[in-house]
Amino acid sequence: VHYNEGLAAEPADMTKWDTYCTAVATRYKGKIKYYEIWNEVNYQNNGAGSTGIGCFFSGTYGKLAEMVRRANQAIKAVDPTAKIISPSIQGWPATPAQQPEIYFMGMMSASDGAFGTMKDWVDIIGVHLYLPSPNRVQDLSGIIDRINATKITVGVSNLPTWDTESSMIAPTASTLTDLQICQYLGRFFLTVAAKGIARTSFYQWDRIADYGFSNRPVATAYLDMIRTLLLSGTILTVCRFTDGRVLYCTNAGMTII
């Protein structure tokens with residue numbers, strides 16, 4: 001079952017994909033620098049295995065690699081400074097139907113139909129760091145270790161990893177107290193920073209009905225504090241407890257979240 005017929009498939013005429021990528025890059029040159037080619041290509045809700053048949057992408061590894069190659073060529077012909085983010089992989093806590101490492105290795109090693117493989121055409125590795133229920137931040141460090149190990153296997157360990165989408169999803173922020181949201185935010189962002197994730201994008205923090213907390217002054221102020229600490233470089237050490245708590249040290253002392 002796909003969300004809408006055709007939306008999960010590559011174009012039947014790939015020259016139209018070239019035209020589309022060129023048009024987008026031309027329109028947004030100087031405004032958009034980073035292009036993620038496809039969303040959650042390994043997400044599946046139809047019982048498929050690791051063959052590339054899924055809810056968000058129904059094509060093959062090879063066709064996905066070709067799309068990345070053609071997008072890279074079209075976009076960088078317009079804007080040589082643009083960067084290409086790999087199709088995002090989600091669900092790193094493995095389930096039998098998803099096997100994220102297998103999908104990642106399959107797509108990155110697939111022939112691009114012309115000159116090489118997908119890994120030759122990406123500048124950044126895109127992942128989504130949603131955590132298993134109930135928002136198990138204690139699993140995050142191990143998930144990032146799995147991502148890094150898989151990057152080494154396919155020969156892209158030199159590329160930065162971006163978390164291009166994540167949030168409190170099970171349960172969502174709408175069901176949590178301010179304290180629980182603050183604990184999650186602190187533990188999550190300190191862990192991804194300590195583990196070398198270059199950037200993280202929090203999904204719909206302003207969508208109050210489900211994921212968001214922009215209407216929570218305490219939580220938004222806490223997020224600003226964590227961001228300031230990370231950007232200022234005042235955090236000296238980050239340690240993680242098995243129960244999810246995080247300890248961080250600054251020149252002012254130690255804090256446990």
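Here a student and a tutor talk through a predicted model, asking what backs up each label.

Student: Why is Asn135 called buried?

Tutor: Buried means under 20% relative accessible area. Asn135 has 9%, so the label fits. You'll find this residue in the loop between E3 and H4.

Student: What makes the link between Asn135 and Ile169 a polar contact?

Tutor: The cut-off for a pair of N or O atoms is within 3.5 Å. The side chain of Asn135 reaches the backbone nitrogen of Ile169 at 3.3 Å, and a pair at that distance falls inside the cut-off.

Student: Which other residues does Asn135 touch, leaving aside neighbours within four places in sequence?

Tutor: Besides Ile169, there are Met168, Ala170, Pro171, Leu176 and Tyr184.

Student: Okay, on to the core. Which residues have the most contacts inside the largest nonpolar core?

Tutor: Those are Phe104, Met107, Met108 and Leu129, in a core of 65 residues. Quite a few elements each supply at least two residues, among them helix H1 (14-28), helix H3 (100-109) and strand E7 (246-250). H2 gives the most, with nine residues.

Student: What makes Met108 and Val154 count as touching?

Tutor: Contact means heavy atoms within 4.5 Å, and Val154 is on the list for Met108. Also on that list are Ser86, Thr117, Met118, Lys119, Val122, Ile125 and Val156, with residues up to four places away in sequence not counted.

Student: Now the sheet. Why are E3 and E5 said to stand at the edges?

Tutor: The open sheet runs in the order E3-E4-E5, with parallel pairing. E3 and E5 each have a single partner strand, so one side of each is left without a neighbour in the sheet. On average, neighbouring strands here are turned by 20° against each other, direction ignored.

Student: How do you know that E4 and E5 really pair?

Tutor: Two strands pair if there are at least two bridges between them. E4 (residues 161-166) and E5 have three, in the parallel sense, so they pass. For instance, the bridge partner of Trp162 in E5 is Arg199. Helix H5 lies across both strands, running at about 155° to E5.

Student: What makes E7 and E8 a pair, and in which direction do they run?

Tutor: Four bridges join them, and they run antiparallel. The minimum is two bridges, so E7 and E8 qualify. Tyr248 stands opposite Thr255 in E8, and the two strands form a hairpin with two residues between them.

Note on methods
Residues are numbered from 1 along each chain as its sequence is written. This is a predicted model: local features need pLDDT of at least 70, side-chain atom pairs count only at pLDDT 80 or more; totals for chains, interfaces and linings use all residues. Side-chain values use heavy atoms; hydrogens and water are left out. A nonpolar core is a set of buried Ala, Val, Leu, Ile, Met, Phe, Trp, Tyr and Cys residues joined through side-chain atoms within 4.5 Å. Buried means under 20% relative accessible area, exposed over 50%, partly exposed in between (1.4 Å probe, protein chains only). A polar contact is a pair of N or O atoms within 3.5 Å; within protein, one must be able to donate a hydrogen and the other to accept it, and residues adjacent in sequence count only if both atoms are side-chain atoms. Axes are lines fitted to C-alpha atoms, for helices over the stretch in contact, and angles run from 0 to 180 degrees between N-to-C directions.
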